[in-house]
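User: I have a model open and would like to learn how to read it. Can you take me through it feature by feature?

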Amino acid sequence: MITSDNKCSRCTGAKCCTYVTEALGAAPRSKNDFDQLLWQVSHQGTEIYKDSSGWYLLFHGRCQHLLADGGCAIYQDRPQICRDYDNAWCEYDAPAEEGFEFHFRNYDELLTYCRKRFKRWDKSRTEGRGKTGPRIKTGPRAKEKQDLGKEKLKIEASLNPDP
Ligand code: SF4
Ligand code: SF4
């Protein structure tokens, strides 16, 4: 008979050790919130879901300590979150997806949802961006480059004042 005490030793897949999740905090509501999520879900291995506890980011990635037989290479020193994990009802019993109210595995799935949720989604996103989309690259690195560019211009202006 499978019990909580012997379940993990029989679970060779150890699904719970192959991804991490991060709570989104406040539920996304505005177009800007979902625009940000579209960027996040565009990245390989990143998904978004909502269950009865709220909205989460899910990042696929096998834990480096997970052994081929499903054991943990650092079992005695494993992080507290692993110790606290309750296996009474886990992915050995049923896929976590069964409890999801929403599940977006990629950009297209979330975009379809956004178009249903916001009637003017496409129009509002293209307004002010021009026919071919934004001319300036967005994202953290691009923003950093823009800031550096502005700083460079300021320094050059101070070194070469107008005659
Ligand atoms: S908690 Fe569940 S999914 Fe994780 S190793 Fe144990 S039985 Fe497997
Ligand atoms: S540290 Fe061990 S128990 Fe925790 S996720 Fe990694 S393999 Fe699993």
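Analyst: We go from the overall layout to the sheet, a helix, a loop residue and the ligands. Keep in mind that this is a predicted model.

User: How many helices and strands are there, and in what order do the elements run?

Analyst: Start with a count. The protein has six helices and four strands. Then read along the chain. From the N terminus, the order is α-β-α-β-β-α-β-α-α-α. Next, look at contacts. Among contacts with a separation of 6 or more, 69% join residues 24 or more positions apart. Finally, check burial. Of the 163 residues in the protein, 6% are buried.

User: In what order do the strands lie in the sheet?

Analyst: Read a sheet by its neighbours, not by strand number. Here four strands form an open sheet, in the order β1-β3-β2-β4, with antiparallel pairing. The edges are β1 (19–23) and β4 (102–104), each of which pairs on one side only. Direction ignored, neighbouring strands are turned by 20 degrees against each other on average.

User: How many bridges join the strands, and which residues stand opposite each other?

Analyst: Take the pairs one at a time. β1 and β3 are antiparallel and share five bridges. Within that pair, E22 has L57 of β3 as its bridge partner. β2 (residues 46–51) and β4 also run antiparallel, joined by three bridges. There, I48 stands opposite F104 in β4.

User: Is β1 buried or in the open?

Analyst: Here is the general idea: in a regular strand, side chains alternate between the two faces of the sheet. So burial is worth checking residue by residue. For β1, the number buried is zero out of five residues, so the strand lies largely in the open.

User: Which helix packs on the sheet, and at what angle?

Analyst: Look for the strands that a helix touches, then compare directions. Helix α2 (residues 31–41) packs on the sheet and touches β2, β3 (54–60) and β4. Its direction makes about 130 degrees with that of β2.

User: Which residues of α2 are buried, and on which side do they lie?

Analyst: List the buried positions, then ask how they spread around the axis. In α2 they are F34, L37 and V41. They cover an arc of only 55 degrees, which puts them on the same side of α2. These buried residues pack against β2, β4 and α4 (107–117).

User: Now a loop residue. Where is F100, and why does it count as partly exposed?

Analyst: Place the residue, then count its surroundings. F100 is in the loop between α3 (80–84) and β4. It has 17 C-beta neighbours inside 10 Å, and therefore counts as partly exposed; buried would need 20 or more.

User: What is F100 in contact with?

Analyst: Set aside neighbours within four places in sequence. F100 is then in contact with Y49, K50 and D51. Compare sequence with space too. F100 and S53 are 47 residues apart in sequence, but 9.8 Å apart C-alpha to C-alpha.

User: Which residues are around the two ligands?

Analyst: List each shell, then sort it by class. Around ligand 1 are K7, C8, C11, A14, K15, C16, Y85, N87, C90, E91 and Y92. That shell divides into seven nonpolar, one polar and three charged residues. Around ligand 2 are C17, C63, H65, L66, C72, I74, R78, P79 and C82. By class, this shell has seven nonpolar, one polar and one charged residues.

How values were computed:
Residues are numbered from 1 along each chain as its sequence is written. Chains are lettered from A and ligands numbered from 1 in the order in which they are written. This is a predicted model: local features need pLDDT of at least 70, side-chain atom pairs count only at pLDDT 80 or more; totals for chains, interfaces and linings use all residues. Two strands pair if DSSP finds at least two bridges between them. Helices (H or I, at least four residues) and strands (E, at least two) are DSSP runs, numbered from the N terminus. Axes are lines fitted to C-alpha atoms, for helices over the stretch in contact, and angles run from 0 to 180 degrees between N-to-C directions. Two residues are in contact if their C-beta atoms, placed from the backbone, lie within 7 Å. A residue is near a molecule or strand if its C-beta atom, placed from the backbone, lies within 6 Å of it. Ala, Val, Leu, Ile, Met, Phe, Trp, Tyr, Cys and Pro count as nonpolar, Asp, Glu, Lys and Arg as charged, and the others, Gly among them, as polar. A residue is buried if 20 or more other C-beta atoms lie within 10 Å of its own, exposed if 12 or fewer, and partly exposed in between; C-beta atoms are placed from the backbone. The arc is that of the directions from the helix axis to the C-beta atoms.
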